[in-house]
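Colleague: I am new to this structure. Could you take me through it in short steps?

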Amino acid sequence: MTTPRQLKLGAFMRPVSIHTGAWRYPGAYRDANFNFTHLKAFAQTLEKARFDAFFMADHLALLNMPIDALKRSHTATSFEPFTLLSALSQATEHIGLVATASTTYDEPFHIARRFASLDHLSNGRAGWNIVTTANPDAAQNFGLEQAYAHDERYARAREFYDVVTGLWDSWADDAFIRDADSGVYFDPDKLHTLNHHGRYLNVRGPLHIARPVQGWPVIVQAGASEPGRQLAAETAEVIFVAPGTLEEGRRFYADIKRRMLAVGRHPDHLKILPGAFVVVGDTLEDARRIRAHLDSLVHYESAIASLSIALGTDATKFDPDQYLPAIPQTNASQSSRERVLALADREQLTVRQLAQRLGGYAGLSFVGTARSIADEMQQWLEEEGSDGFNIMFSWLPGGLDHFVAKVVPELQGRGIFRREYEASTLRENLGLPRPASRFFAE
């Protein structure tokens, strides 16, 4: 009997629900994004449900929207990811801990050191979500007047990846012999100095921390543009993507796996996990009522600001009751822009309708009962639209608790999601190979 493919599930904590009305929902923890007691409880609940990873998003500036809109956002402030995940590493034992870190406004030595430290603190559960920051306000926080051009950000990111992984390989796995009798702490023949000199980066090395427990922390990537897809095919081990339909998911899945083969990588060595917003009800009508209530809590000021960010242009100047005019290309995220334009065209939404949809959450959503949601997830898995999902909960704690109590047992009963963790590291639980050191034989 053939064992069915297994879903991989991450929890996309931004640091809490992505829906901008979630904090106003009855019973929601309104301060959840900045309350460690709540966040610790969320991580522990996810671990009991055998989730693969707690995914901590990040941004390097306040969201670039007017203050009247920003004042309604529950994610205007949040913990710095490494600080939070380092604390959570001591409150959990099995769940992976994935943090976003930008290749645009940080240095490879910093990133390599932080993630290696987190991997050791967590006994092999760290993951790095590689992002190329497009927010123009972030540029000004780092001494620049405007963001780098899109393709330049990705070119730097590719070189950045090579440097970080090279730094993680500074030491052989058995470099630290700690021989008290001879007084030799490490073998100098098992230390490599990188001496990287490239187009964007010059980094000597070596990294002064032992090789990470997993060899390298798991590499996560989220770009869906042409440069983003190629970067993912060459480097990523998990892709967090946002297709709107199963057909879009299948096309993306096939494209990435094809690109992997073209660069000599095994397709199974990368897991594609679309973001999925879930609303669980006892009936379909109940789930739809919850979603409608959530959407009703989104203010138009916030909604139009979210649309402006996604399009990379000021949407407040558009007639709210007309269709979108032609939108010029900018340095904003191309994948986000294209998804929004496709949604507007597919459903013939006015600016107002599009903004309100986007202001809550406009991406892939599973709204229904535990059985119907499991049906959809199983279809995506079996038809190769995904290898699993990054779950976005409707509100906290209720949306998370409902998914864990109702949907997870349904998936387990179908034999497509684990009942126990397979191993101790994030890499092993995801079914990913341990990377070989590029400088030392193993």
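What follows is a set of questions and answers on cores, helix contacts, loops and single residues.

Colleague: What kind of model is this?
Modeller: Local features are reported only where pLDDT is at least 70. Keep that in mind throughout, since the model is predicted.

Colleague: Which residues have the most contacts inside the largest nonpolar core?
Modeller: In soluble globular proteins, nonpolar side chains tend to be buried together. Here the largest nonpolar core has 68 residues. Those with the most contacts inside it are F51, F393 and F403.

Colleague: Which residues does F393 touch, leaving out those up to four places away in sequence?
Modeller: F393 is among the residues with the most contacts inside the largest core. Neighbours up to four places away in sequence are not counted. The residues it touches are A11, M13, S17, L46, F51, F277, V278, G399, L400 and F403.

Colleague: How many residues are in the second, separate core?
Modeller: This core is separate from the largest one. Its members include V218, L273, L430 and L432. The count is 27 residues.

Colleague: Are α1 and α14 roughly parallel or roughly antiparallel?
Modeller: Their axes come within 10 Å. They cross at roughly 15°. Angles under 35 degrees count as roughly parallel. The two helices are therefore roughly parallel.

Colleague: Is the crossing of α1 and α14 left-handed or right-handed, and how do the residues of the contact divide?
Modeller: α1 passes α14 in a left-handed crossing. F42, T45 and L46 of α1 meet L400, D401 and V404 of α14. The residues of this contact divide into 4 nonpolar, 1 polar and 1 charged.

Colleague: How do α11 and α12 lie to each other?
Modeller: α11 covers residues 334–347 and α12 covers residues 351–360. Their axes are 11 Å apart, at an angle of about 130°. Angles over 145 degrees would count as roughly antiparallel, and 65 to 115 as roughly perpendicular. The two helices are therefore oblique.

Colleague: Which residues make the contact of α11 and α12, and how do they divide?
Modeller: The crossing of α11 and α12 is right-handed. V340, L343, A344 and E347 come from α11, with L354, R357 and L358 from α12. The residues of this contact divide into 5 nonpolar, no polar and 2 charged.

Colleague: Is L39 buried or exposed?
Modeller: L39 sits in helix α1, residues 36–48. It touches P15, V16, A32, N33, F54, F79, L84 and L88, leaving out residues up to four places away in sequence. Its relative accessible area is 0%, and under 20% counts as buried. So L39 is buried.

Colleague: What separates the C-alpha atoms of L39 and F393?
Modeller: Along the chain, L39 and F393 are 354 residues apart. In space, their C-alpha atoms are separated by 13 Å.

Colleague: What covers the buried residues of α7?
Modeller: Helix α7 spans residues 226–235. Its buried residues are G228, L231, A232, A233 and T235. The cover includes α6, β7, β8 and α8.

Colleague: What separates the C-alpha atoms of R258 and A233?
Modeller: R258 lies in helix α8, residues 246–262. R258 is partly exposed, with a relative accessible area of 49%. A233 is one of the buried residues of α7. R258 and A233 are 25 residues apart along the chain, and their C-alpha atoms are separated by 8.6 Å.

Colleague: Where is P206 found?
Modeller: The peptide bond from G205 to P206 is cis, with omega near 0°. P206 is found in the loop between β6 and β7.

Colleague: Where does P397 lie?
Modeller: The peptide bond from L396 to P397 is cis, with omega near 10°. P397 lies in the loop between β11 and α14.

Colleague: What is the relative accessibility of N123?
Modeller: N123 is found in the loop between α4 and β4. Its phi is near 60°, a positive value in a residue other than glycine. N123 counts as exposed, at a relative accessibility of 56%.

Colleague: What is the relative accessible area of E384?
Modeller: E384 is found in the loop between α13 and β11. Its phi is near 55°, a positive value in a residue other than glycine. E384 is partly exposed, with a relative accessible area of 44%.

Key: Residues numbered from 1 in each chain as written. Predicted model: local features only at pLDDT ≥ 70, side-chain atom pairs only at ≥ 80, totals over all residues. Heavy atoms only, no water. Core = buried A, V, L, I, M, F, W, Y, C linked by side-chain atoms within 4.5 Å. Buried < 20%, exposed > 50% of the residue type's maximum accessible area, 1.4 Å probe, protein only. Contact = heavy atoms within 4.5 Å. Axes fitted to C-alpha atoms, helices over the stretch in contact; angles between N-to-C directions. Helix = DSSP H or I, 4+ residues; strand = E, 2+ residues; numbered from the N terminus. Left-handed = near helix turned anticlockwise from the far one by under 90°. Nonpolar A, V, L, I, M, F, W, Y, C, P; charged D, E, K, R; others polar.
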